[in-house]
Amino acid sequence: FLPQLVSYKQDRDFPSLPATSRLSPHLHFGEISPRAVWHAIGDRYDVGAATFRSQLGWREHGINLVDQMPSYPDHSGRSVFDGFCWRVGDEADRDFAAWTRGETGYPIVDAGMRQLWQTGWMHNRVRMIAASFLVKHLLIDWRRGERWFWDTLLDADLGANATNWQYIAGTGVDAPVFSRIMSPLLQSEKFDMADYVRSFVPEIAHLSDNQIHRAHADGARVLGYPQPRVIHEAARVRALAALRAAKGGA
């Protein structure tokens, strides 16, 4: 992987490219240590090496958080979310099941969730998109997603898993605001994810690069591929309303 560091910063967000180290499962199982990886980089100070070191640092940050706050995998880091109205009940359970199976009707989310189920790993940017979708589009408690990742990811370190879910959910001590809602459609287009989607969602592999991100645009139906579980704009409105309610209507 070391020769690829020179382009790591700009390429790591493109899941169609083999641009990440894939070391996380080996770090998780102790087959290689973060110290060994750090020193293998040596004295390089290019932007790619610096970016990769920051990722190792983020992993250690997660370990430190659960060391300082052992309940972090189970409790929101911000008290405002203690009374947050997450969706529960049969409809929410059906949405959650569709998310786990990669049947949400959002191609990039479905591709990521299917990659996870088939391989035990998922590209980092796609993890953020899929997690944000569950929490903010479907308004399902981040802990349900965290536990699913814990059960299915080969690299699901306790600290990294809890920290990353709370970060994307906006509930963590170091997280951006909840109102930062990622658009799966825009993310898929921006990071050229067409070929990645084709790899895991064969039902829509025949669509063009422009069409595949929005398989159901303008009400179109694709045989064998589910309709969207929720419309992006409506989901955003619902999520922000839930946030205002948690803050007491302020």
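Mentor: Buried means under 20% relative accessible area, exposed means over 50%, and partly exposed lies in between, taken with a 1.4 Å probe and protein chains only. This is a predicted model, in which local features need pLDDT of at least 70 and side-chain atom pairs count only at pLDDT 80 or more, while totals for chains, interfaces and linings use all residues. Residues are numbered from 1 along each chain as its sequence is written, and side-chain values use heavy atoms, with hydrogens and water left out.

Trainee: Why is Arg-22 called partly exposed?

Mentor: Arg-22 has 44% relative accessibility, and because this value falls between 20% and 50%, Arg-22 counts as partly exposed. Arg-22 sits in the loop between helix H1 (8–11) and helix H2 (24–28), where helices are DSSP runs (H or I, at least four residues; strands are E, at least two) numbered from the N terminus. Although Arg-22 is not a glycine, its phi is positive, at about 60°.

Trainee: Leu-139 also has a positive phi, of about 55°, without being a glycine, so is Leu-139 buried or exposed?

Mentor: Leu-139, in the loop between H7 and H8, has a relative accessible area of 4%, which is under 20%, and therefore it is buried.

Trainee: How do you know that Trp-142 is buried?

Mentor: Trp-142 has a relative accessible area of 0%, and because this is under 20%, Trp-142 is buried. The residue belongs to helix H8, and beyond four places in sequence it touches, with heavy atoms within 4.5 Å, residues including Tyr-72, Trp-86, Val-135, Trp-165 and Thr-171. Thr-171 is 29 residues away along the chain, yet the C-alpha atoms of Trp-142 and Thr-171 are separated by 8.8 Å.

Trainee: What makes Ala-234 partly exposed?

Mentor: Ala-234 has a relative accessible area of 46%, and because that value is in between the limits, Ala-234 is partly exposed. Ala-234 lies in helix H13, and its C-alpha is 8.5 Å from that of His-137, although the two are 97 residues apart in sequence.

Trainee: Why are H7 and H9 called oblique?

Mentor: The axes of helix H7 (residues 124–137) and helix H9 (residues 158–169), which are lines fitted to C-alpha atoms over the stretch in contact, come within 9 Å and cross at roughly 60°. Angles run from 0 to 180 degrees between N-to-C directions. Those under 35 degrees count as roughly parallel, over 145 as roughly antiparallel, 65 to 115 as roughly perpendicular and the rest as oblique, and therefore H7 and H9 are oblique to each other.

Trainee: Which residues meet where H7 and H9 are in contact?

Mentor: Met-128, Ala-131, Ser-132, Leu-134, Val-135 and Lys-136 of H7 meet Trp-165, Ile-168 and Ala-169 of H9. By class, this contact has seven nonpolar, one polar and one charged residues, where Ala, Val, Leu, Ile, Met, Phe, Trp, Tyr, Cys and Pro count as nonpolar, Asp, Glu, Lys and Arg as charged, and the others, Gly among them, as polar.

Trainee: Which residues have the most contacts inside the largest nonpolar core?

Mentor: They are Trp-99, Val-109, Trp-165, Phe-178 and Ile-204, in a core of 51 residues. A nonpolar core is a set of buried Ala, Val, Leu, Ile, Met, Phe, Trp, Tyr and Cys residues joined through side-chain atoms within 4.5 Å. The largest share of this core, seven residues, comes from H7. Leaving aside neighbours within four places in sequence, Val-109 is in contact with Trp-99, Thr-104, Ile-129, Ala-130, Phe-133 and Pro-184.
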